[in-house]
Amino acid sequence: RALELLVTARPILRAAPEQLTFESRASGPAPEVRTIRVTSTWPNLPYSVRTEGAGWLVAWQAHGATPDTESALSSDVVTIRVDPSKLAPGVYRGSLILSTWQGANVPEIPVVLTVRKD
């Protein structure tokens, strides 16, 4: 019985854009949500995303895996929302961190929120 063994490098995650910036007024509505696109060198690769350093930052994944080779999609989408409602005017920084099991990299996307006075 013949077997085929395919050896590849560890998966690499890619995210675009590489940083996000939001602006809001202190008593105004929250800024519109933004998205990042996640791709990988491996098809159908499960990945996770977490926020760091910011209780005002929320992220959720569309599928939690990069598209399969037969998919019409070119990337998975992560939606990002910020909640400045409890923040004083100022500049706030946080990060989105993407990872996958035995991945070659751990992309970190800086997120900056500027809350302006009314």
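Student: What makes β3 and β6 a pair?
Tutor: Strands count as paired if DSSP finds at least two bridges between them. Strand β3 (residues 34-40) and strand β6 (residues 76-82) have five bridges, in the antiparallel sense, so they qualify. Within this pairing, I36 has V78 of β6 as its bridge partner. A strand here is a DSSP run of E with at least two residues, numbered from the N terminus. This is a predicted model, where local features need pLDDT of at least 70, side-chain atom pairs count only at pLDDT 80 or more, and totals for chains, interfaces and linings use all residues. Residues are numbered from 1 along each chain as its sequence is written, and side-chain values use heavy atoms, with hydrogens and water left out.

Student: Why are β1 and β5 said to stand at the edges?
Tutor: The open, antiparallel sheet runs β1-β3-β6-β5. β1 (13-16) and β5 (57-61) each have a single partner strand, so one side of each is left without a neighbour in the sheet.

Student: Why is N105 called partly exposed?
Tutor: Buried means under 20% relative accessible area and exposed over 50%, with partly exposed in between (1.4 Å probe, protein chains only). N105 has 25%, so the middle label fits.

Student: What makes the link from N105 to L13 a polar contact?
Tutor: The rule asks for a pair of N or O atoms within 3.5 Å; within protein, one must be able to donate a hydrogen and the other to accept it, and residues adjacent in sequence count only if both atoms are side-chain atoms. The N105 side chain reaches the backbone oxygen of L13 at 2.8 Å, and the two residues are 92 apart in sequence.

Technical notes:
Helices (H or I, at least four residues) and strands (E, at least two) are DSSP runs, numbered from the N terminus.
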